[in-house]
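Please look through the structure below before reading on. The paragraphs after it go from one pair of side chains to the chain as a whole.

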Amino acid sequence: MNCQVMNTSSPSPSSSSSSRNPIPNSPLKLLGRTVCYSLSHKTNRCSGIQIGGCHEIVYLPKNCVVRKYASGWSDAKQPVRYPPRALVASESQGLSSIPIIGKEKIGVLLLNLGGPETLDDVQPFLFNLFADPDIIRLPRLFRFLQKPLAQFISVLRAPKSKEGYASIGGGSPLRKITDAQAEELRKSLWAKNVPAKVYVGMRYWHPFTEEAIEQIKKDGITKLVVLPLYPQFSISTSGSSLRLLESIFREDEYLVNMQHTVIPSWYQREGYIKAMADLIEKELRTFGNPEKVVIFFSAHGVPLAYVEEAGDPYKAEMEECVDLIMEELEKRRITNPYTLAYQSRVGPVEWLKPYTDETIIDLGRKGVKSLLAVPISFVSEHIETLEEIDVEYKELAIKSGIEKWGRVPALGCEQTFISDLADAVIESLPYVGAMAVSNLEARQSLVPLGSVEELLAAYDSQRRELPPPVTVWEWGWTKSAETWNGRAAMLAVLVLLVLEVTTGEGFLHQWGVLPLFH
Ligand SMILES: C=CC1=C(C)c2cc3[nH]c(cc4nc(cc5[nH]c(cc1n2)c(C)c5CCC(=O)O)C(CCC(=O)O)=C4C)c(C)c3C=C
Ligand SMILES: [Fe+2]
């Protein structure tokens, strides 16, 4: 059955699109599931996910209301905002440190990547990252090799990574920044009369998601809002954290019964967009000739197969996000040229293009003299802003003929941003425990909501193997040779590992890499 879209409301004033029909051949067709997207009036791309029971993905014009679901026609309703009047409490009322509303104790779980805090943490951190099947997905037959391979790659990569972390002060600043964001979010929620406790759960380093969940149980939280700190959804980031959460939830009686909701991505929120535009506007003013500056959005890349084979919405969300920021800047009469490119690729497979390094060289060649880099996929400073952008890409830009280079700081604890995150949490509260599928209002909310299982079923439902995005070995002179050499090398390494694991002998045992103690 097709989802149908009815044009029940007037188009947005700036909309030039008159199409009100689902766009056929959408690039994000998901098997047997429906994801209904609300469409940006400018770009015809989705601005939020809502999972329903239909069998098509439809793109909806802004302000348009989805009328038909598998379960029948729905009422046309405008999105509802929720300042939950029932939730009133204040820190000064002498409540316990765990917020209680009626009988409910509200928690917010911030999910993030985590980073090594010292140079000694680097290799085990990399091990955790490469042991994640959402980062390296092996063919089913080779799944038992996930940990040995992760150990192997992490040992090989650690020296290069350590150099990077050494150059930014000996460790990742992620934990400190995320803790500060959690505290600011807590304060903002309390200031908005929503007393909630805020937890941090990292995917690959302390405090691990498991540690946060233990605390949530100890505190007796009854309603949980799960908020990944990635503005755009990717299988490799929010998806991976949610998959872990799902497995923890499934095995625990307390958690199975705890009501929760997930805010899978929030790049389209007004507060976030405005906060990004503020930062860009401020940074542009530091240039002598602000209107000549090219605004260079640099997002963390993902392997192309994530988007093309597994249905990762990351690229679409990223492009939509950039368009929304530029629209906001246009409203402020800032109409600079801009571009989006993807950084930080590792390994032999093709990643999202254009690549940041190649684009910088290209812009230099075209005579661009001023560039403002805007990190767009992450809301904290980290190794890829502090080292890759500030050092490597800046150097490359200067070499390529760019004379003036600037970089917009990551959002961190910027007040507009934190306050908007708090609003996102508040707007999601009425849906805690409510299934987005069966809850019409949740479908029409400004915040796309869903439960962990539904979200994971929507993306990457089959979980087929993906090409490993990691270089184990490379030789050759052309890009395509690198790709195929890398794949051949990966196969060779797998064979060696199989032999090593099955015979108990080989160079990894000699180096003390195997057996594993992780
Ligand atoms: C939205 C952000 C990110 C996406 C998407 C992402 C995908 C992705 N990353 C790797 C491999 C590595 N990532 C590393 C560090 C790292 N990654 C992100 C964000 C995203 N990754 C951040 C913020 C950080 C830095 C954390 C910090 O310590 O500051 C690393 C380790 C650093 C290094 O050695 O370069 C690796 C490796 C893959 C393979 C991938 C998609 C499949
Ligand atoms: Fe990464």
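Which kind of link do the side chains of Glu281 and Arg332 form where they meet? In this model, which is predicted, the side chains of Glu281 and Arg332 meet in a salt bridge, with 2.8 Å from N to O. This pair links distant parts of the chain, since Glu281 belongs to helix α7 whereas Arg332 sits in the loop between α9 (314–331) and β14 (338–343), and the two are 51 residues apart. Glu281 counts as partly exposed because its relative accessibility is 22%, and Arg332 is likewise partly exposed, with a relative accessible area of 22%. The pair is also part of a network, in which salt bridges that share partners join Asp278, Glu281, Arg285, Glu328, Lys331 and Arg332.

Helix α7, which covers residues 270–284, also holds a pair within itself: Glu270 and Lys274 both lie there, 4 residues apart, or about one turn of the helix. An α-helix has 3.6 residues a turn, so residues three or four places apart point the same way. Glu270 forms a salt bridge with Lys274, and the closest N and O atoms of this pair are 3.0 Å apart. Glu270 is exposed, because its relative accessible area of 55% is over the cut-off of 50%, while Lys274, at 30% relative accessibility, counts as partly exposed.

A further pair has a more covered setting, as its accessibilities will show. Asp134 forms a salt bridge with Arg243, and here the closest N and O atoms are 3.3 Å apart. This pair, too, links distant parts of the chain, with Asp134 in the loop between α1 (122–130) and α2, Arg243 in helix α5 (residues 235–250), and the two positions 109 residues apart. Asp134 counts as buried because its relative accessibility is 1%, and Arg243 also counts as buried, at 16% relative accessibility. By the same rule for salt bridges, the count comes to 26.

The loop that holds Asp134 leads on to helix α2, which invites a check of its length. The 22 residues of α2 (residues 146–167) should span 32 Å at 1.5 Å a residue, and the end C-alpha atoms are 30 Å apart, so the two values agree. The helix nevertheless has a kink of about 45° at Ala158, shortly before the proline Pro159. Ala158 is among the buried residues of α2, which also include Leu149, Phe152, Ile153 and Tyr165. After α2 comes Gly169, whose phi is positive, near 105°.

For a view of a strand, one may turn to Ser370, which lies in strand β15 (residues 370–375). Ser370 is buried, because its relative accessible area of 14% is under the cut-off of 20%. Leaving aside residues up to four places away in sequence, Ser370 touches Phe287, Lys292, Val293, Val294, Ile402 and Lys404.

These details can finally be set within the whole chain, which has 16 helices and 16 strands. Of its 518 residues, 57% count as buried, and the chain exposes about 22,300 Å², of which carbon and sulfur atoms supply 54%. Among contacts between residues at least 6 apart in sequence, 76% join residues at least 24 apart.

Terms used
Residues numbered from 1 in each chain as written. Chains lettered and ligands numbered in written order. Predicted model: local features only at pLDDT ≥ 70, side-chain atom pairs only at ≥ 80, totals over all residues. Heavy atoms only, no water. Buried < 20%, exposed > 50% of the residue type's maximum accessible area, 1.4 Å probe, protein only. Contact = heavy atoms within 4.5 Å. Expected span 1.5 Å × (residues − 1). Bend = angle between axes of the 7 residues up to and from the residue. Salt bridge = Lys/Arg side-chain N within 4 Å of Asp/Glu carboxyl O. Areas by Shrake-Rupley, 256 points an atom, 1.4 Å probe, with all protein chains shown as cover.
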